[in-house]
Amino acid sequence: PSDLSFRTPSSSVERGRVDLEGGHFFLNQPILVTQRLFWLLRVVTSLFIGAVILAVNFSSEWSVGQVSTNTSYKAFSSEWISVDVGLQVGLGGVNITLTGTPVQQLNETINYNEEFTWRLGENYAEEYEKALEKGLPDPVLYLAEKFTPNSPCGLHGQYRLAGHYTSAMLWVAFLCWLLANVMLSMPVLAYGGHMLLATGIFQLLGLLFFSMATSLTPPCPLYLGTAVLHTHCGPAFWITLATGLLCVLLGLAMAVAHRMQPHRLKAFFNQSGGEGSVLEWNPEEGGFLSPRYQSTAESPEPQDIPLLEASSETCCKEEHPREPDCAP
């Protein structure tokens with residue numbers, strides 16, 4: 001009877017375990033929120049870099065220029081119009097825009113947007129001949145003629161060469177970006193940082209090839225009526241430069257952090273590989289992009305289970321003692 005005062009009901013044990021689990025949950029809330037924010041930052045940055053590499057590869061705004069002028073409208077015509085002429089040179093061709101100010105002039109709608117490409121499998125000279133047959137306005141044909149292979153300006157050769165080499169460098173950078181994402185989702189953060197650094201280097205190499213190829217020949221003056229059209233580096237060039245520098249800085253930062261503070265780097269990528277940690281992959285939360293590490297100390301120890309079972313069996317035996325068999 002004296003042992004009954006020290007008994008603990010099973011319901012009290014369960015309530016104590018629930019209270020401990022609830023307290024542990026609330027204590028881990030700030031850590032979970034911080035990990036989610038770091039994961040979101042990594043995903044957004046990675047998607048931004050990949051999207052920029054793809055977008056600038058197909059962009060037509062590597063070298064741009066625009067001018068407002070009064071120029072002739074058609075060949076062999078004395079009628080002049082007031083227009084805004086735009087020139088956008090990309091890696092795979094040139095885009096020419098002609099917009100009247102106002103749009104309605106000479107009983108016509110002056111709003112043209114023509115593209116001439118020199119990608120592999122495309123013939124720029126044939127596209128220019130088709131434009132002549134269509135009878136496009138004189139400013140469009142004048143600019144398109146400056147980029148033909150037989151033009152004395154040499155713009156076709158230099159921009160076509162620049163486009164091919166720059167596009168090749170950007171595709172290599174995109175491949176390095178893919179490898180960096182795969183390695184950063186695995187316990188090889190140092191190699192992931194190296195591939196991120198390579199992504200930025202290849203982007204900068206593409207910019208170097210584009211700048212060198214476009215500066216091989218002296219600039220060709222583009223006269224449009226009473227004005228001269230000058231070209232300069234466009235948005236695609238500058239955003240590629242910014243993204244390349246960002247990748248280089250991130251790669252160098254990861255290399256330094258891996259040498260100086262490897263544990264903090266692993267914690268930033270949710271890869272706190274301390275002793276007694278088990279790696280779990282949850283495909284519902286992003287697969288390789290969101291690895292979770294759960295400490296084995298948080299899980300119930302296997303030796304606790306038989307102790308609880310033994311204590312419950314002891315309580316049951318004490319509450320329902322078996323009556324001794326009576327001798328006949």
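Angles here run from 0 to 180 degrees between N-to-C directions, with axes taken as lines fitted to C-alpha atoms. With that in hand, helix 3 (residues 138–146) of this predicted model can be placed: it lies across strand 1 (63–72), strand 2, strand 3 and strand 4, and runs at about 165° to strand 3.

The strands under helix 3 belong to an open sheet. Five strands make up this sheet, in the order 4-3-2-1-7, and the pairing is antiparallel. At the edges sit strand 4 (108–117) and strand 7 (232–233), each of which pairs on one side only. As a reminder, strands of a sheet pair through backbone hydrogen bonds, either parallel or antiparallel.

Strand 3 is a good place to look at the pairing in detail. On one side, seven bridges join strand 3 to strand 2, and the two run antiparallel. Within this pair, Val83 has Gly100 in strand 3 as its bridge partner. Strand 3 also pairs with strand 4, again in the antiparallel sense, over nine bridges. Here Ile96 is matched with Glu114 in strand 4, and Val94 has Phe116 in strand 4 as its bridge partner.

Both of these pairs are hairpins. Strand 2 is joined to strand 3 through three residues, while two residues lie between strand 3 and strand 4. Gly92 is found in the first-mentioned connection, in the loop between strand 2 (80–89) and strand 3 (93–105). Is Gly92 buried or exposed? Its relative accessible area is 10%, and since buried means under 20%, Gly92 counts as buried. Leaving aside residues up to four places away in sequence, Gly92 touches Thr117, Trp118 and Arg119. Strand 4 spans 108–117, so by the numbering that defines the strands, Thr117 is where strand 4 ends. Gly92 can also be placed relative to Ser59: the two are 33 residues apart along the chain, and their C-alpha atoms are separated by 8.5 Å.

The loop between strand 3 and strand 4 holds some unusual backbone geometry. Most residues other than glycine have a negative phi, and most peptide bonds are trans. Leu106, which sits in this loop, has a positive phi of about 55° although it is not a glycine. Asn107 lies in the loop between strand 3 and strand 4 too, and has a positive phi of about 60°, again without being a glycine. How do these two residues fare for accessibility? Leu106 has a relative accessibility of 37% and counts as partly exposed, whereas Asn107 is exposed, with a relative accessible area of 83%. The cut-off behind that split is 50%, with exposed meaning over this value.

Strand 3 has a backbone oddity of its own. Thr101 and Pro102 are joined by a cis peptide bond, with omega at about 5°. Pro102 is placed in strand 3.

Back along the chain, Ser77 lies in the loop between strand 1 and strand 2. Ser77 has a relative accessible area of 28%, which makes it partly exposed. What separates Ser77 from Asp138 in sequence and in space? The two are 61 residues apart in sequence, and 9.7 Å apart in space from C-alpha to C-alpha. Asp138 falls within the residue range of helix 3, 138–146.

Away from the sheet, the helices pack against one another. Helix 4 (residues 155–184) and helix 5 have axes that come within 8 Å and cross at roughly 170°. Angles over 145 degrees count as roughly antiparallel, so helix 4 is roughly antiparallel to helix 5. The contact between helix 4 and helix 5 has 23 nonpolar, eight polar and no charged residues.

Helix 5 (residues 189–214) also packs with helix 6 (residues 235–260), at an angle of about 150° and with the axes 8 Å apart. That angle makes helix 5 roughly antiparallel to helix 6. What is the handedness of the crossing? Helix 5 passes helix 6 in a left-handed crossing. By class, the residues in the contact of helix 5 with helix 6 divide into 16 nonpolar, 10 polar and no charged.

How values were computed. Residues numbered from 1 in each chain as written. Predicted model: local features only at pLDDT ≥ 70, side-chain atom pairs only at ≥ 80, totals over all residues. Heavy atoms only, no water. Helix = DSSP H or I, 4+ residues; strand = E, 2+ residues; numbered from the N terminus. Buried < 20%, exposed > 50% of the residue type's maximum accessible area, 1.4 Å probe, protein only. Contact = heavy atoms within 4.5 Å. Pairing = 2+ DSSP bridges. Parallel < 35°, antiparallel > 145°, perpendicular 65-115°, else oblique. Left-handed = near helix turned anticlockwise from the far one by under 90°. Nonpolar A, V, L, I, M, F, W, Y, C, P; charged D, E, K, R; others polar.
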